[in-house]
Amino acid sequence: MAIVEHSMTRPSEIVRSLDAERKRWLIAAVADSVIAHVDELTALDAAIGDGDHGHNMKRGFEAVLLDLDTLSRMELPDLLRTVGTTLVMKVGGASGPLYGTLFLALGKALSDEPSRGEAATAFAAAIAAVRARGKSDAGQKTMLDVLIPSCQAFSAGGDLTAVKKVAALAAEATAPMRATRGRASFLGERSIGHMDPGARSSSLMIAALCDEWGEA
Ligand code: ADP
Ligand code: MG
C-alpha cells in the first residue's frame with residue numbers, strides 16, 4: 001500500500017495510491033462495519049421509524065461484498081457507480097435511493113486517483129445530490145446531519161481522526177433534534193431523544209473509511 005508522495009506536492013495534495021488491494025480493503029471496511037452494527041441500526045430505527053434500517057443496510061452491503069473482486073479491479077468512478085446502483089437496488093426504504101445517490105454522485109465527480117481537494121469537492125457535490133433527491137437539508141434529523149459537518153471538516157483540512165470524531169459527535173447530536181424529514185417526522189415531538197439511524201449509519205461508514213485510509 002504505497003503512499004504516493006511527490007517532493008513538490010503540498011501536504012494536502014498527497015494521496016495514497018488506490019491500487020486494487022487498497023480498494024478491496026476500503027470497500028470491505030465500510031461494508032463490514034455497517035453489517036456488524038445491524039442490531040444497533042435496527043434498534044435506532046425501531047425507536048423512531050419502522051425498524052428496517054439495519055437489515056436494509058446489511059442486505060445492501062452484503063450484495064456489495066459479493067462483488068468485491070470485480071469492484072476492487074474497477075477504476076474509482078466505475079466502482080462507486082456500481083456500489084451506488086447496488087445500494088439503490090438492494091437497500092430499499094428511503095435510505096437506499098439516498099445512499100445510492102451519494103455513491104453515484106461520488107462516482108461522477110471523482111477521478112481514479114483523486115487529490116484531497118478533488119475528494120472534498122466530490123463529497124460536497126454528492127451531498128448536494130442527496131439533498132436534492134431527499135428534498136432535505138441540515139437540521140432535519142437525517143443522514144445529512146452527519147454528512148454535511150463531516151464534509152466541512154474534511155474540506156477544512158482536518159486530519160481523518162478529526163473527521164471521524166466530527167461524524168460521531170454529529171450523529172449523537174441528532175438525538176435532541178425533532179425530525180422533519182423521513183419516517184421519523186411522523187412522530188413529531190416523539191422523535192426527540194433518539195439518534196437518527198441514517199445519521200448513525202453515515203457516521204459508521206465515515207469512521208470505517210477514515211480508519212482504513214489511515215492504516216499504514
Ligand atoms: P425507511 O425510513 O423508508 O424505513 P430506512 O429506515 O432504511 O428507510 O432509512 C431511514 C433513514 O433515512 C433516516 O434515519 C434518515 O437518516 C434517512 N432519510 C429518510 N428520509 C430522508 C430524506 N428525505 N433526506 C435525507 N435522509 C433521509
Ligand atoms: Mg426504516
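**Loop residues, a magnesium site and the overall fold**

Glycine 139 is partly exposed, with a relative accessible area of 43%. This value, like the others reported here, was computed from a predicted model. The glycine counts as partly exposed because 43% falls between the limits of 20%, under which a residue is buried, and 50%, over which a residue is exposed. Glycine 139 belongs to the loop that joins α7, residues 116-134, to α8, residues 144-155. When neighbours within four places in sequence are set aside, the residues in contact with glycine 139 are Asp145, Met177 and Arg178. A further distance relates this glycine to threonine 180: the two residues are 41 places apart along the chain, and their C-alpha atoms are separated by 8.4 Å.

Two lysines in the loop between α7 and α8 were also examined. Most residues other than glycine have a negative phi. Lysine 135 has a phi near 45°, a positive value in a residue that is not glycine. The position of lysine 135 is in the loop between α7 and α8, and its relative accessible area of 63% makes this residue exposed. Lysine 141 also has a positive phi without being a glycine, here about 65°. Lysine 141 is placed in the loop between α7 and α8. With a relative accessible area of 1%, lysine 141 is buried, whereas lysine 135 is exposed.

Lysine 141 is in turn one of the residues in contact with threonine 174. Threonine 174 is part of the loop between α9, residues 160-172, and α10, residues 197-214. Threonine 174 has a relative accessible area of 0% and is therefore buried. Apart from neighbours within four places in sequence, the contacts of threonine 174 are with Lys141, Thr142, Asp145, His194, Met195, Asp196 and Ala199. Asp145 appears in this list and among the contacts of glycine 139. Asp145 falls within the residue range of α8, 144-155, and Ala199 falls within that of α10, 197-214.

The model includes a magnesium ion, ligand 2, whose protein donors are Asp45, Asp50 and Asp52, each through an OD atom. The donors lie 2.0 to 2.2 Å from the ion. The spacing of the donor residues in sequence is D-x4-D-x1-D. Accessibility was considered for two of these aspartates. Aspartate 45 is buried, since its relative accessible area is 9%, which is under the limit of 20%. Aspartate 52 has a relative accessible area of 26% and is partly exposed.

Aspartate 45 falls within the range of helix α2, residues 38-48, a helix that also holds glutamate 40. Glutamate 40 is partly exposed, at a relative accessible area of 28%. From glutamate 40 to methionine 177 the separation is 137 residues in sequence and 19 Å in space, taken from C-alpha to C-alpha. Methionine 177 is also one of the contacts of glycine 139.

Arginine 24 is located in helix α1, which covers residues 20-36. This arginine is partly exposed, with a relative accessibility of 28%. Leaving out neighbours within four places in sequence, arginine 24 makes contact with Leu68, Asp69 and Ser72. The C-alpha atoms of arginine 24 and glycine 157 are 25 Å apart, the two residues being 133 places apart along the chain.

Taken as a whole, the chain contains 10 helices and two strands. In sequence order the pattern is β-β-α-α-α-α-α-α-α-α-α-α. The radius of gyration of the chain is 17 Å, close to the 17 Å given by the globule rule for 216 residues, so the chain is as compact as a globular protein of that length. The C-alpha trace spans about 55 × 35 × 30 Å along its principal axes. Of the 216 residues, 48% are buried. Among contacts between residues at least 6 apart in sequence, 66% join residues at least 24 apart. The chain exposes about 10,200 Å², of which carbon and sulfur atoms supply 57%. The chain carries 23 positive and 27 negative charges, and the mean positions of the two sets are 6 Å apart.

Technical notes
Residues numbered from 1 in each chain as written. Chains lettered and ligands numbered in written order. Predicted model: local features only at pLDDT ≥ 70, side-chain atom pairs only at ≥ 80, totals over all residues. Heavy atoms only, no water. Helix = DSSP H or I, 4+ residues; strand = E, 2+ residues; numbered from the N terminus. Rg over C-alpha atoms; globule rule 2.2 N^0.38 Å. Buried < 20%, exposed > 50% of the residue type's maximum accessible area, 1.4 Å probe, protein only. Contact = heavy atoms within 4.5 Å. Areas by Shrake-Rupley, 256 points an atom, 1.4 Å probe, with all protein chains shown as cover. Lys, Arg positive; Asp, Glu negative; His and termini not counted. Charge placed at Lys NZ, Arg CZ, Asp CG, Glu CD. Donors = N, O, S within 2.8 Å, 3.2 Å for Na, K, Ca; no water.
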